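Me: I'd like to go through this one by asking what lies behind each label. Could you set the values against the rules for me?

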Amino acid sequence: MTSHLIIGLNVAGIAAMKAIREIEPGGRIVAVSAEAQLPYSRVLLPRYLGGKTTPESMLLEPAEFYEVRGTRVFWGRRVVSLDAAQRRAVLDDGETIDFDRALIAAGARPTVPRDLAGPGVTGLRTGEDAAFIRERVRGGARVAIAGGGPVGVKTACALAELGVRPALIVASGRILSQIADNEAAFLAQRCLEQRGVEVRLGADIVRAVRGPGGLEGLELGDGAALPCGLLVVCKGVTPNVAGLPPAVQGRSGVAVDDTMATRVPGLYAAGDVAEARDLLDGQPRVTAIFPGAAAQGRIAGKNMAGATAVFEGSIPRNALDLPGLPLISIGRVGAPLDARHAVRVTRTTGSYRKLVYRDGLLIGALLVGEVMDAGLLQACIRRNLAGLLAAGEPGQLMGEAG
Amino acid sequence: MPSLGVSESACDSCGRCLVACAAGRVVLAGALDSAWPGQALLRIDGPAPPPRIRLCRHCATAPCVDTCVGRALRRDQASDTVKLDPSRCVGCYSCVMECPFGALLPNPDGGRSARDVPIVKCDGCGQFAHPLCAAACPTGAIRAAADGRSASSRARRRRAGLLGRARRG
Ligand SMILES: Cc1cc2nc3c(=O)[nH]c(=O)nc-3n(C[C@H](O)[C@H](O)[C@H](O)COP(=O)(O)OP(=O)(O)OC[C@H]3O[C@@H](n4cnc5c(N)ncnc54)[C@H](O)[C@@H]3O)c2cc1C
């Protein structure tokens with residue numbers, strides 16, 4: 001019987017586990033999970049910070065899911081090296097695991113600039129991070145959040161609802177610069193400010209100022225000083241590739257084809273660690289989103305178990321549930337002002353909708369307030385982008401939305 | 001329950017399905033054990049031809065289940081349907097973004113009803129054998145397909161990717 005190894009157990013690893021079990025009931029699956037607790041939904045961490053959910057409600061699967069015949073999980077252990085030729089993984093305590101096929105589902109970690117790292121500075125990726133932030137906030141620390149992307153915005157919002165009045169420090173000229181245009185960003189920013197978030201646009205953090213008691217504040221690019229005892233850095237993620245054979249590595253993560261296979265036979269990758277094909281331009285790229293990790297994990301699992309499944313490609317997309325103001329961004333939401341692109345905008349009281357077309361084909365949608373059509377639009381965008389790629393007419397990179 | 005076949009081109013927007021769904025949910029409250037009594041769990045956007053039937057197809061590989069961050073949406077193997085557990089739904093709109101049929105409906109009653117459920121969707125009429133919308137549909141736009149409980153037909157539907165034969169456009 002084939003033995004499968006899954007490295008990292010969250011959205012992607014779990015999806016693969018399910019797919020393998022479906023094809024090979026009772027098949028041999030060994031998973032190594034660096035985190036000791038049952039896998040939970042990271043998307044809910046901001047909610048947890050805001051006291052709006054419990055650890056139990058955050059679990060991706062109940063405990064029984066991991067206690068199935070044929071499955072064994074090494075909790076709180078880490079794969080430190082992977083020998084592709086020998087098909088052998090070495091764990092942090094020296095134990096070895098032999099496998100026929102392995103899935104790299106090690107995800108990613110927050111990117112924290114080296115000059116900021118240190119006491120009082122954290123990302124938000126794990127339950128531990130969230131517990132640390134909660135403890136500091138309870139202790140009365142003033143909080144700053146670096147990064148105006150979806151995670152930074154959600155974190156700021158959650159902390160504001162605790163009455164904390166965090167500062168959100170954003171390098172670009174608007175929040176959500178990768179997923180929203182000026183108008184949508186303005187609506188979202190107003191929503192944050194009404195909740196008590198202090199938004200600072202176009203602001204760079206030059207230096208973290210530390211004293212004997214730890215972090216005391218930040219020095220910003222314009223010379224301003226921002227006193228704070230805690231900085232949460234939400235400036236994107238870095239794939240966890242340590243210990244992996246160089247042959248599997250892509251630009252930043254693990255390069256995969258449409259079957260989620262890496263360049264090394266027997267090794268697959270899925271989720272936030274994987275560089276899969278982006279439908280916007282056909283290039284491999286990490287699109288670190290939950291539904292992508294689930295779909296890729298399932299496809300990897302199927303292929304590992306001998307079935308044939310093909311990933312249809314990633315579309316960058318995000319759903320943001322700001323209080324009273326849902327915002328969904330799909331595909332390319334900023335368009336160059338040229339003859340091939342067109343934009344249609346509709347506004348009503350409380351809603352904003354922008355559709356982006358290339359050569360008359362819908363390739364992006366930005367919905368604020370009224371989001372019910374998002375799924376229908378995504379299906380259409382998906383078809384169009386796949387069609388453009390097949391015709392050798394890929395779109396371009398998203399860049400900053402215009 | 002039997003699977004649902006949806007054919008939007010056959011729909012004339014008469015709205016009987018909506019009435020049957022909403023009313024049936026009151027009358028059969030016990031049998032359906034519905035979290036949404038008195039509310040239609042589908043929508044017809046129309047009448048522009050063909051009308052859009054926003055009704056859950058109970059996909060075998062369901063994008064909404066894939067994306068559900070709170071384990072609120074699950075495939076129920078016993079009934080072969082996609083179920084939403086309102087008590088786990090956090091209202092993140094991820095499922096709304098993923099469903100290609102637009103079948104996850106932000107609750108128009110959200111915030112006002114006793115159960116503050118952000119999203120509503122077809123519950124497959126619970127254990128009730130005949131989907132109410134299909135029974136009420138005079139044109140065959142929504143059909144209860146032949147009972148698909150046998151393993152082979154379930155496998156066939158799985159291969160087809162969707163529960164029921166959903167024709168689009
Ligand atoms: C605060 C926050 C909010 C988010 N909000 C959204 C959202 O709204 N929508 C959305 O689509 N996505 C969101 N995401 C992203 C989403 O959570 C990720 O896309 C998803 O978790 C990716 O799953 P994964 O399984 O690929 O990797 P991960 O979740 O990163 O899991 C990988 C696991 O592998 C472990 N691991 C790493 N290295 C090793 C090793 N060598 N050996 C063993 N184990 C290892 C890690 O510790 C981790 O437990 C959010 C993320 C965060 C942090």
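What follows is a set of short questions and replies about domains, interfaces, salt bridges and the ligand.

Me: Before that, how do you know what the numbers rest on?

Reply: This is a predicted model, where local features need pLDDT of at least 70 and side-chain atom pairs count only at pLDDT 80 or more, while totals for chains, interfaces and linings use all residues. Residues are numbered from 1 along each chain as its sequence is written, chains are lettered from A and ligands numbered from 1 in the order in which they are written, and side-chain values use heavy atoms, with hydrogens and water left out.

Me: What makes 121-233 a domain of chain A?

Reply: The bounds come from an automatic or database domain assignment. For chain A that assignment gives domain 1 (3-44 + 56-110 + 238-304), domain 2 (121-233) and domain 3 (324-390), so 121-233 is called domain 2 on that basis.

Me: How do you know that domain 2 of chain A and domain 3 of chain A are in contact?

Reply: Their centres, taken over C-alpha atoms, are 29 Å apart. Contact, though, goes by heavy atoms within 4.5 Å, and here 9 residues from domain 2 of chain A and 9 residues from domain 3 of chain A take part.

Me: What makes about 740 Å² the buried area there?

Reply: Buried area is the accessible area (1.4 Å probe) that two parts lose on being put together, summed over both. For domain 2 and domain 3 of chain A that comes to about 740 Å², with 66% on carbon and sulfur atoms. On the domain 2 side, Ile179(A), Asp181(A) and Glu183(A) lose the most, together 55% of what that side buries.

Me: Why is the pair Glu183(A) and Arg347(A) called a salt bridge?

Reply: The rule wants a side-chain nitrogen of Lys or Arg within 4 Å of a carboxyl oxygen of Asp or Glu. The N to O distance for Glu183(A) and Arg347(A) is 2.6 Å, so the pair qualifies. The rule finds 2 salt bridges across this domain interface.

Me: Why does Arg77(A) with Asp93(A) get that name too?

Reply: Their side chains meet at 2.3 Å, N to O, so the pair passes that rule as well. Over all chains, the structure holds 30 salt bridges.

Me: How do you know that chain B and chain A touch?

Reply: 28 residues of chain B are in contact with 33 residues of chain A. The two chains bury about 2300 Å² between them, 56% of it on carbon and sulfur atoms. In chain B, Asp66(B), Val69(B) and Met97(B) lose the most area to chain A, together 28% of what that side buries.

Me: What makes Glu98(B) and Arg317(A) a salt bridge?

Reply: The closest N and O atoms are 2.6 Å apart, so this pair fits the rule too. The count between chain B and chain A is 4 salt bridges.

Me: Which residue pairs does "polar contact" cover?

Reply: It means a pair of N or O atoms within 3.5 Å; within protein, one must be able to donate a hydrogen and the other to accept it, and residues adjacent in sequence count only if both atoms are side-chain atoms. Between chain B and chain A there are 13 residue pairs in polar contact, both at pLDDT 80 or more.

Me: What makes Arg125(A) a polar partner of the ligand?

Reply: A polar side-chain atom of Arg125(A) lies 2.7 Å from an oxygen atom of the ligand, so the pair meets the polar-contact cut-off. Asp272(A) has a side-chain N or O atom 2.8 Å from a ligand oxygen, and for Asn10(A) the distance is 3.3 Å.
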